[in-house]
Amino acid sequence: MNRVLITGATGLVGGHLLRMLINEPQIGHIVAATRRPLPVMNKVTNPYDPQLSDALTQLTEPLDTVFCCLGTTMREAGSKEAFVLADYTLVVDTAITGLRLGAKQMLVVSAIGANSKSPFFYNRVKGEMEEALIAQDWPRLTIVRPSMLLGHRESQRFNESLFAPIFKIMPGKWKSIEARDVAKAMLHEALKPAGEGVNILDSRQLREIAKAP
């Protein structure tokens, strides 16, 4: 795996993952498509546009792997339409770009509780996103469903501040997880010998993978 695409590189998981990709010898080149320009970084090409889909359409060079770490909250998005754009449309656009450029595997951050039939809007959109990617018939698709993410954000999310103490003591897959562990697990899975089909990982599994040497 030499050439990778990442979207969501300015987010909590994506920021950790981008740094890990830069430091990973097996990665030859990173295309980090963003809405705002990134600082100059080794191995990184940064197509950017306030309309992320427009940045993705600029890409023409072949890819091997796609990472998507896009995600927001209803509070941050401001409306249902804006949330769907960030957590469904742009994720699918990322996947379409990867397939167009020959990528054979995709790894995407979803959420615990993702279910297209959920009565909760957030979980339903996440589930619909997962189903859309599965329908694309990727040779290899890894969906990670973390619980509450831990880590430093420039602006703290209100619900995360409120519920963080509770999620830290939850059992199994419900227990909160460090964003860097999610990123580490995603990179570990991407570098594994090629497999096939859809693999869905929860927080408990992600923590175990992140502990691997």
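A disulfide is taken here as a pair of cysteine sulfur atoms within 2.5 Å, and a search of the whole structure under that criterion finds zero disulfides. This is a predicted model, in which local features need pLDDT of at least 70 and side-chain atom pairs count only at pLDDT 80 or more, while totals for chains, interfaces and linings use all residues. Residues are numbered from 1 along each chain as its sequence is written, and side-chain values use heavy atoms, with hydrogens and water left out.

**Cysteines**

In general terms, a disulfide is a covalent bond between the sulfur atoms of two cysteines. For Cys68 the closest cysteine sulfur is that of Cys69, and because the two sulfurs are 6.7 Å apart they are too far from each other for a bond. Cys68 counts as buried at 0% relative accessibility, where buried means under 20% relative accessible area, exposed means over 50%, and partly exposed lies in between (1.4 Å probe, protein chains only). Cys69 also counts as buried, at 10% relative accessibility.

**Overall composition**

The secondary structure of the chain comes to eight helices and nine strands; these are DSSP runs numbered from the N terminus, with helices being H or I of at least four residues and strands being E of at least two. Of the 213 residues of the chain, 48% count as buried. Among the contacts in the chain with a separation of 6 or more, 68% come from residues 24 or more positions apart, a contact being defined by heavy atoms within 4.5 Å.

**The sheet**

Seven strands form an open sheet with parallel pairing, in the order β3-β2-β1-β4-β5-β6-β9, and two strands are said to pair if DSSP finds at least two bridges between them. The edges are formed by β3 (44-45) and β9 (197-202), each of which pairs on one side only. Helix α7 (residues 179-191) packs on this sheet, where it touches β4, β5, β6 (140-145) and β9, and its direction makes about 165 degrees with that of β5; the axes are lines fitted to C-alpha atoms, for helices over the stretch in contact, and the angles run from 0 to 180 degrees between N-to-C directions.

The table lists three of the strand pairings, each in the parallel sense, with a pair of residues that stand opposite one another.

| Strand pair | Bridges | Opposed residues |
|---|---|---|
| β4 and β5 | four bridges | Val66 and Met106 |
| β5 and β6 | five bridges | Val108 and Ile143 |
| β6 and β9 | six bridges | Val144 and Leu201 |

In the β4 and β5 pair, β4 comprises residues 65-68 and β5 comprises residues 105-109. Strand β6 is mostly covered, with five of its six residues buried. Together with helix α5 (residues 121-135), β5 and β6 make a right-handed β-α-β unit, in the sense that, with the strands pointing away from the viewer, the path from the first strand over the helix to the second runs clockwise.

**Residues in and around helix α5**

Ser118 has its place in the loop between β5 and α5, and this residue is buried, with a relative accessible area of 8%. Its side chain reaches the backbone nitrogen of Phe120 at 3.0 Å. When neighbours within four places in sequence are left aside, Ser118 is in contact with Asn123 and Arg124.

Within the helix itself, Lys126 belongs to α5 and counts as buried at 2% relative accessibility. Not counting residues up to four places away in sequence, Lys126 touches Leu70, Gly71, Asp87, Val109, Ser110, Ala111 and Ala114.

**Residues with positive phi**

As a general rule, most residues other than glycine have a negative phi, and most peptide bonds are trans. Lys43, a residue other than glycine, has a positive phi near 70 degrees; Lys43 is found in the loop between β2 (29-33) and β3 and counts as buried at 18% relative accessibility. Asp137, likewise not a glycine, has a positive phi near 60 degrees and lies in the loop between α5 and β6. Asp137 is exposed, with a relative accessible area of 64%.

Key:
A polar contact is a pair of N or O atoms within 3.5 Å; within protein, one must be able to donate a hydrogen and the other to accept it, and residues adjacent in sequence count only if both atoms are side-chain atoms.
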